Amino acid sequence: MASSTSVTDVVMPQMGVSVSEGTITKWLKQEGEEIAADEPLLEISTDKVDTEVPSPGEGVVQQILVQEGETVDVGTRLAVIGPAGAEAPAPEAPAPEAAALEAAAPEAPAAEPAAAEPEPEQEPAAPPPPPEPPPAAAEPATDGAGEKTFVSPVVARIASEHGVDVAQVPGSGRGGRVTKKDIVAFVESGQAAAPAPAAPEAAPEAPPAEAAAPPAEAPAPPVTAPAQPAPPAPPPEAAPAVSAAAGEEIVPMNAMRRGIAEHMRRSLDTAAHVTTVFEIDLSKVVAIRKKLKPEYEESYGVNLTYLAFIARATIEAIKNWPWVNAEIRGEQIVTKRYVNLGIAVALEGGMGLIVPVIKNAEGLNLLGIARGIVDVADRARNKKLTPDDVQGGTFTITNPGGWGAIIGTPIISQPQVAILDVEALVKRPVVVQDTSGQDVIAIRPMMNLCLSYDHRLVDGAYAAQFMKELRENLESFDEGAY
Amino acid sequence: MTPSKFLVPGVQMAIAREAEPVGSLQEVKEAGLDREDLFGVYRHMLITRGIEERGHILYKQGKIPGSFYTGRGNEAAAVGVATAMSDQDVGTPLHRDMGVHVTRGVEPWRIFAQYMGRADGPTQGRDGNVHMADSRLGLLAMVSHLPAMLPVAVGCALAFRIREERRVAVGWFGEGASARGDCHEAMNFAGVRKLPVVFICDNNQWAYSTPTYLEYATEHVADRAEAYGFEGVVVDGTDVLAVYRESRRAIDKARSGGGPTLIECLTLRMEGHAVHDDAFYVPKDMFERWASNDPIERFRSWLREHAELGDAEEDEITSGVKKILNDALTRAEESPLPDPSSLTDGVFATPEDLDTPHHK
Amino acid sequence: MAEKTYLQAISDGLRQEMRRDRRIFVIGEDVGVYGGAFKVTLGFQEEFGPWRVIDSPLSETAIVGGCTGAAIMGLRPVAEMQFADFISCAWDQLVTVAAKQRYRAGTPVPIVVRLPSGGGFSGGPFHSQNPESSFAHIPGLKVVCPATPEDAKGLLVTAIEDPNPVLYFEHKHLYRRIKADVPDDRYTTPFGQARLHREGDDVSVITWGAMVWTADEAAKQLEGDGISVEVLDLRTLVPWDRKGVLESVRKTSKVLVLHEDTHTGGFGGEIAATIAEEAFEDLDAPVKRITAPDTPVPFSPPLEKAFIPQVEDVATGLRELAEY
């Protein structure tokens with residue numbers, strides 16, 4: 001029996017073994033009213049029976065937590081009874097942990113610390129080779145005839161204990177299997193002379209947990225996980241806690257930032273970065289866009305951006321200059337017949353960028369590309385990207401021009417060999433020829449496109465010719481052709 | 001509510017004997033109880049009801065897990081029989097027979113602890129509600145499969161017979177459980193061997209929602225006794241003195257080698273099968289009729305009329321009971337829950353466990 | 001020391017105990033005047049009287065429930081089910097009351113239920129079963145299966161001493177077929193300790209009851225082929241000798257679990273699973289089981305022979321294991 005000096009909870013009782021919930025039908029007392037011990041406090045209804053609930057304590061009803069008509073699980077707190085004159089307890093923060101987890105969710109694309117799981121915006125490595133098992137356990141041994149046979153647990157154990165390669169042991173079991181007797185005899189006869197083969201290094205870490213998201217401004221870091229089995233550096237060990245000096249504030253890097261840091265460094269260390277800048281006269285594109293934009297919105301519900309035009313023109317240019325869409329593997333050049341176009345999307349609050357990929361963009365027309373861009377941008381901002389969405393890119397376009405930059409030197413996203421930076425669209429005075437061939441000044445919408453490329457594969461001339469074609473595509477954009 | 005209503009005229013032989021009500025204090029003295037004893041009986045009935053009423057509240061407050069059963073309305077039948085047992089006798093009471101545990105001396109706080117699954121309950125939290133017993137007090141813990149304890153009670157009587165001890169076993173069962181084979185096998189064996197066992201049928205008219213006429217086809221359950229070779233008696237279960245007197249007769253008979261008796265106590269289950277059952281299937285007027293025959297109220301009236309129970313004594317008894325219960329509840333509420341690490345202890349007995357009063 | 005049959009060992013052991021301890025009594029159908037369907041209690045009623053050798057009605061529930069009550073009251077009953085198969089009539093008493101009293105109420109129930117079990121003589125579906133596994137599954141019950149006359153007596157004595165309900169499966173087919181020297185004095189055989197029936201290096205057979213002898217015959221055959229078979233007689237199923245079994249498994253790395261009971265849910269599954277869990281790295285072959293198939297016990301001799309594992313079945317299985 002609760003004494004008159006303590007606070008008592010009123011809980012939903014279990015009226016029968018199989019009953020799991022109850023509904024409050026009526027509160028017989030309201031907040032602030034006095035109540036005696038065992039006095040009926042409320043009425044409830046369950047699957048089995050309707051009944052009154054007597055108060056477990058005496059004093060004053062401080063708080064009613066569940067209202068009439070609500071159904072709650074057995075054991076749920078329904079009300080609080082306190083000594084007369086006491087203050088009501090502070091309302092419980094609704095599941096603060098759950099809320100905090102929710103708040104953490106926007107980081108979700110990269111929030112998890114270095115774990116083995118691929119993050120949505122990463123491109124996980126090809127599955128790492130399985131950890132090397134104790135010699136011969138998982139690997140099929142071969143007998144003299146070259147067939148694969150089974151190695152039993154005890155044989156595997158003995159083999160590993162003595163550093164024996166089961167393949168060396170003659171087998172007398174079924175199908176030539178090495179039996180326990182066989183390996184024991186082998187070991188005892190002293191033939192197990194070879195030292196244990198050095199177990200290969202533990203498998204490279206499964207997809208490194210970097211979430212290399214290109215930031216908004218100039219160095220646009222690429223955003224893939226390496227495809228090579230070369231073990232990437234695991235996210236750096238957290239530095240020993242350093243205390244802040246006066247005027248300093250110290251915050252540890254989160255996983256996304258760590259990932260970006262690692263990837264940027266590695267990319268610069270891998271590729272021979274060169275950047276070339278071309279000025280593009282976008283007047284034709286501007287005019288076409290003005291015309292098509294309302295049509296696209298009305299008929300297709302798609303927002304037609306300059307980016308769509310650029311992307312479309314780029315893909316056309318890639319067809320003739322495939323090495324900007326290629327990959328270097330060791331000393332081999334891997335060209336691809338498809339273009340998986342990565343489009344950088346800024347995350348809110350300057351928290352980073354994510355680069356979802358439009359797969360097989362070579363098969364899309366302007367509308368298709370526009371729609372694709374809208375779709376991945378939306379999904380990126382609403383955290384609906386899947387790991388597949390951020391893998392497999394072959395060429396990336398990044399678009400910091402919205403902030404006003406006119407030149408950039410983006411960092412290539414490994415293992416791609418080029419990345420195109422789209423700068424601001426600025427009205428400039430330019431020299432053009434009038435109808436009679438005279439030079440005059442005109443005002444044109446001008447945009448710089450900056451291509452960073454890997455000089456290991458792509459030479460300056462190649463890159464320039466690619467960009468020249470890209471410019472021509474844009475300056476003579478024919479909506480009919482696209 | 002007198003049993004004579006059930007008498008079928010002309011068929012005297014096949015009918016269980018109907019017990020006569022007890023009248024004066026003198027009759028009671030002849031039956032073996034004096035005034036102090038009677039107040040003790042009254043107190044036991046009050047404690048029984050108090051425990052169950054309080055348990056009912058606790059259950060609704062969420063302090064008692066699982067389900068909760070009471071024997072409201074059965075207090076006279078339970079206390080009456082238990083009072084007629086001697087210390088050396090043993091019994092297998094059921095869930096309507098809390099009065100037996102109370103009369104035999106189980107402490108109320110341990111009963112509350114049992115309800116609340118505490119470590120100091122008689123089963124240390126391993127079983128719930130009335131599935132408890134203190135074997136040192138000669139009681140065996142019931143199981144849910146009813147009436148599985150009847151053959152066990154007969155087994156106790158068998159031991160007494162083998163050892164030629166003047167002890168009696170009492171086995172309880174309900175009118176619903178009488179439908180199962182265990183009941184037949186137990187009674188048959190007891191009758192064949194004339195074992196010192198008394199069978200008590202708590203006939204409270206309802207087995208969950210099943211009425212008597214869907215459980216057995218005879219007029220009384222006690223009619224079956226004849227088939228097993230011993231006497232059957234029907235008694236008004238709300239009359240504690242009548243129950244006592246019949247029990248005394250039967251127990252004495254068994255003790256002196258006269259074999260078993262089947263006593264059927266007629267009562268009403270005044271609440272649902274368990275607290276979660278509101279007994280909508282029981283006609284309201286049935287509740288009303290039996291409520292006017294409440295066993296505690298009946299006995300109180302009888303005591304005031306025949307045993308000169310005055311206000312002062314009555315208050316003393318009532319407030320004494322209240323204090324016992326309040327103290328018991330506090331003590332039980334403060335007692336600890338069982339430690340999960342003890343879960344797998346005691347599945348098997350050790351030789352030390354055989355050091356009981358029975359194994360001497 | 002004297003040579004006794006398996007049945008005589010049980011009978012003499014029981015008689016010796018009843019002479020020693022007046023609390024012990026026997027109850028069952030036809031155990032008194034008739035001396036028991038298999039004559040295990042022949043002459044007992046003459047010696048101990050009708051209240052220590054009790055002819056019960058045909059009432060397994062009353063027998064087992066009666067024993068439970070009497071045991072709680074301080075006696076030491078030894079019940080006889082006429083056939084192990086009839087234990088199903090008393091299932092509730094065993095499983096609901098006897099098995100759980102100690103755990104729930106601190107009340108020990110020291111009873112022994114003797115169960116003539118097993119087939120091989122055209123007893124048909126209801127006189128030939130080995131219903132050991134369902135009871136092995138119930139916490140609170142002990143299960144015992146002697147295979148030799150010496151163990152039959154020793155395990156019975158231990159069972160009577162044990163303060164728990166003990167199901168004592170005596171294999172009918174061994175009653176008169178097996179003879180051996182049995183010590184005259186009183187001795188106990190511990191539960192949970194297997195007996196090495198036959199030592200070997202190449203394959204282990206884990207078994208109990210009449211199958212011990214079948215395994216023995218098969219082992220002899222394989223010896224002729226240069227295969228050394230170890231036969232471990234578990235003797236008790238609850239508790240069972242995990243340690244002993246695992247030791248044998250570690251030695252030979254090839255194990256056959258053999259029982260006469262049917263396959264699915266048979267106690268062999270428990271043993272096989274335990275071996276897989278705890279001796280995985282010692283196995284040179286899968287754990288093999290040879291059991292009766294999942295059918296009721298058939299009556300006609302060719303059917304029954306196909307049902308009960310025969311020496312040839314076991315020998316074949318052992319050879320397969322040895323050659324794996």
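The paragraphs below walk through a predicted model, going from a sheet in chain A to the contacts between chains and then to some unusual backbone angles. Residues are numbered from 1 along each chain as its sequence is written, while chains are lettered from A and ligands numbered from 1 in the order in which they are written. Because the model is predicted, local features need pLDDT of at least 70 and side-chain atom pairs count only at pLDDT 80 or more, whereas totals for chains, interfaces and linings use all residues.

A good place to begin is chain A, where six strands form an open sheet in the order E11-E20-E19-E18-E14-E17, with mixed pairing. Strands here are DSSP runs of at least two residues (E) and helices are DSSP runs of at least four (H or I), both numbered from the N terminus, and two strands are said to pair if DSSP finds at least two bridges between them. Strands of a sheet pair through backbone hydrogen bonds, and the pairing is either parallel or antiparallel. At the edges of this sheet stand strand E11 (273-281) and strand E17 (357-358) of chain A, each with a single partner strand, so one side of each is left without a neighbour in the sheet.

Within the sheet, what stands on either side of E18(A)? Strand E14 (residues 341-343) of chain A pairs with E18(A) in the parallel sense over three bridges, and E18(A) is in turn joined to E19(A) by three bridges, again with the two strands running parallel. A:Thr396 in E18(A) illustrates the arrangement, since A:Gly342 stands opposite A:Thr396, and A:Thr396 also stands opposite A:Ile419 in E19(A). The side chains of this strand alternate, with A:Phe395 and A:Ile397 pointing one way from E18(A) and A:Thr396 and A:Thr398 pointing the other way, and all of them are buried. A residue is called buried if 20 or more other C-beta atoms lie within 10 Å of its own, exposed if 12 or fewer do, and partly exposed in between, with the C-beta atoms placed from the backbone.

Between strand E18 (395-398) and strand E19 (418-433) of chain A runs a loop that contains A:Pro415, and the peptide bond from A:Gln414 to A:Pro415 is cis, with omega near 5°. Chain C has a cis peptide bond as well, joining C:Val238 and C:Pro239 with an omega of about -5°, and C:Pro239 is found in the loop between strand E12 (236-238) and helix H9 (242-252) of chain C.

Chain C as a whole comes to twelve helices and 14 strands, and of its 324 residues 60% count as buried. Two residues are in contact if their C-beta atoms, placed from the backbone, lie within 7 Å, and among the contacts in chain C with a separation of 6 or more, 79% are between residues 24 or more positions apart.

How many residues do chains B and C bring to their contact? Chain B gives 41 residues and chain C gives 34 residues. On the side of chain B that touches chain C, helix H6 (149-163) and H7 each supply at least two residues, and H6(B) gives the most, with ten residues. By class, this side of chain B divides into 23 nonpolar, eleven polar and seven charged residues, where Ala, Val, Leu, Ile, Met, Phe, Trp, Tyr, Cys and Pro count as nonpolar, Asp, Glu, Lys and Arg as charged, and the others, Gly among them, as polar.

H6(B) itself is mostly covered, with 14 of its 15 residues buried. The expected span of a helix is 1.5 Å times one less than its number of residues, so the 15 residues of H6(B) should span 21 Å, and the end C-alpha atoms are indeed 21 Å apart. Just after H6(B), B:Glu164 takes a positive phi of about 55°.

Two further residues have a positive phi although neither is a glycine: A:Asp38, with about 70°, and B:Lys194, with about 50°. A:Asp38 lies in the loop between strand E3 (34-35) and strand E4 (40-45) of chain A, and because A:Asp38 has 18 C-beta neighbours inside 10 Å, A:Asp38 counts as partly exposed. B:Lys194 sits in the loop between helix H7 (181-193) and strand E4 (197-203) of chain B, and B:Lys194 is likewise partly exposed, with 16 other C-beta atoms within 10 Å.
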